[in-house]
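This report describes selected features of one protein model, for a reader who wishes to check each statement against the coordinates.

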Amino acid sequence: MSSPTVPPGHREVAQLDLESVDLTDLGYFEDGPPHELFARMRTEAPVRWNPSADGVGFWSLTRAEDIIAVSRDPETFSSETGGVWARPDTIAPLEFTRNLLMFKDAPEHTKYRKIIQRAFLPRTVTRLEDEIRDIVRGRLATLAGKTESDLVAEIAVPVPLTVISRLLGSPDDDIDRLMQWTEQLGSGVTHNEDRTQVLGEMGQYFAELVARQRGGDRETLADALFNAEVDGKTLNEIEIALFFGILVFAGNDTTRSTFAGGMQALIENPDQLDLLRREPQRIPNAIEEILRWASPLNFFARTATRDTTIGGVDIAAGERIIMWYTAGNRDSAMIPNAEVFDITRDKPTHIAFGGGGPHFCLGAHLARRELTVLLEEVPPRLHDLAINGPVTHLRSHWANSLTSLPVSHRPVSG
Ligand code: HEM
């Protein structure tokens, strides 16, 4: 089995024996997703059996068409049977993680999703816009007088974290704690380590938080959840705490990585950054292209519930399937010239929020709203942006995330 301690270079990718590639080897993700390798897989082996060192292999999908088909067929491709990460017991035993929304199948999934969906309707999210703008402006104010900053640490990390914590009613003083938990869970997914204890701590924290919010004078998300019913029964504090936990985990790193990856792409394509500053009406389209390009979650998994085929390849009941969104998002069969970052595209299609179907990202409106405000506020106030140090990536096959984006710029204006 190939085991690259460093990511394979251009020549090595062309010579790699695809049969031996194990994408759970984090060496492939040292510099971000292995786009060249994914390109070979899309052409030569779009539905490919991935052997892995621990003997638990999986099918790798790299074509958008196959990922979309699997996402939209939850009866054949279950989230509940084997979970949504590379291995069934990633971060905690399946019997625990099955309490989380993304691990449920219909009919349970449909009932629970309906409850939380209300909190994320476009009109509810639009109401948050002023608060998001204040948070972004507050972060820009901390850069006053500076001509160098790290866009990850100073903007990309704190903005979504603060937005989520306000949405949940967490005090700002607890933000570091939420951040630590998110990182511990993320690294648990990447390294397949147990995080049952972290989930327990989060559960206890959120149970106390929702209890404090009950019956207050401000209408909170916790109130909305307390008033909701599943099968005629209201949710208990543990179920609400789980919803809170999932939102912190799902809504934090993803938006952060999209903004950071988008800013990197814009700075590396200065004509497009200038265009966006001059023509802010392009922001909605630019966001879709950034989502496609930065694609912050590399994959989610499913398990086949019966013998089936994907792209003409036989899949046996019980086998796991990993949908590489990052690879599908560079598939020119879905979008022409997929290898080019171009905010002027007419219809920038992507599968960054999933391939459609019942689990499609619940936070998509919120993420788009946050990204809109970020693009409306940051580029017009940070001029002469240039990358002035090493851009570093999280070593993860799951999260496609920058850990540092050092830049120079003129002092914040406006
Ligand atoms: C750019 C930002 C984001 C990206 C790229 C993203 C991506 C995704 C993806 C790929 C899925 C799985 C889709 C599937 O299995 O078909 C998902 C599910 C989910 N996302 Fe997001 N997400 C983002 C932001 C957010 C935010 C801000 C929240 C909430 C605060 C959120 C909450 C959720 C939830 C609750 C689910 C599970 C939905 C279900 O299983 O029914 N996400 N997201």
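The paragraphs below treat the core, a covered helix, a pocket, one buried serine and a sheet in turn.

The model is a predicted one, and the values given here are computed from it. Its largest nonpolar core has 133 residues, and those with the most contacts inside this core are Trp85, Phe206 and Phe244. Helix H13, which spans residues 237-250, supplies the largest share of the core, namely nine residues. Leaving aside residues up to four places away in sequence, Trp85 touches Thr90, Ile91, Phe103, Val189, Phe249, Phe299, Phe300, Ala301, Arg320 and Trp398. In soluble globular proteins, nonpolar side chains tend to be buried together.

Helix H9, formed by residues 158-168, is mostly covered, with 10 of its 11 residues buried. Among the buried residues of H9 are Pro158, Val159, Pro160 and Leu161, and also the polar-named positions Thr162 and Ser165. Just after H9, Gly169 adopts a positive phi of about 80°.

The second largest pocket holds about 290 Å³ of space. It is lined by 16 residues, of which His35, Gln264, Trp293, Arg330 and His393 are the closest to its centre. Two or more lining residues are given by each of the elements H14 and helix H16 (283-294), and H14 provides the largest share, five residues. The composition of this lining is set out in the table.

| Class of lining residue, second largest pocket | Number of residues |
|---|---|
| Nonpolar | five residues |
| Polar | eight residues |
| Charged | three residues |

Helix H14 covers residues 253-268 and includes Ser257. Is Ser257 buried or exposed? Because its relative accessible area is 4%, which lies under the 20% cut-off, Ser257 counts as buried. Beyond residues up to four places away in sequence, Ser257 touches Ala294, Pro296, Asn400 and Ser401.

An open sheet of three strands follows the order E4-E14-E11, and its pairing is antiparallel. Strand E4 (148-150) and strand E11 (386-387) are the edge strands, since each of them pairs on one side only. E11 and strand E14 (residues 406-408) run antiparallel and are joined by two bridges, and Ala386 has Ser408 in E14 as its bridge partner. Strands of a sheet pair through backbone hydrogen bonds, either parallel or antiparallel.

How values were computed
Residues are numbered from 1 along each chain as its sequence is written. This is a predicted model: local features need pLDDT of at least 70, side-chain atom pairs count only at pLDDT 80 or more; totals for chains, interfaces and linings use all residues. Side-chain values use heavy atoms; hydrogens and water are left out. Helices (H or I, at least four residues) and strands (E, at least two) are DSSP runs, numbered from the N terminus. Buried means under 20% relative accessible area, exposed over 50%, partly exposed in between (1.4 Å probe, protein chains only). Contact means heavy atoms within 4.5 Å. Two strands pair if DSSP finds at least two bridges between them. A nonpolar core is a set of buried Ala, Val, Leu, Ile, Met, Phe, Trp, Tyr and Cys residues joined through side-chain atoms within 4.5 Å. On a 1 Å grid over the protein atoms alone, a cavity is a set of points where a 1.4 Å probe fits but cannot get out, and a pocket is an open set with protein on both sides within 12 Å along at least five of seven lines; lining residues have an atom within 4 Å of a point. Grid points are joined across faces, edges and corners, and a volume is the space filled by probe spheres set on the points. Ala, Val, Leu, Ile, Met, Phe, Trp, Tyr, Cys and Pro count as nonpolar, Asp, Glu, Lys and Arg as charged, and the others, Gly among them, as polar.
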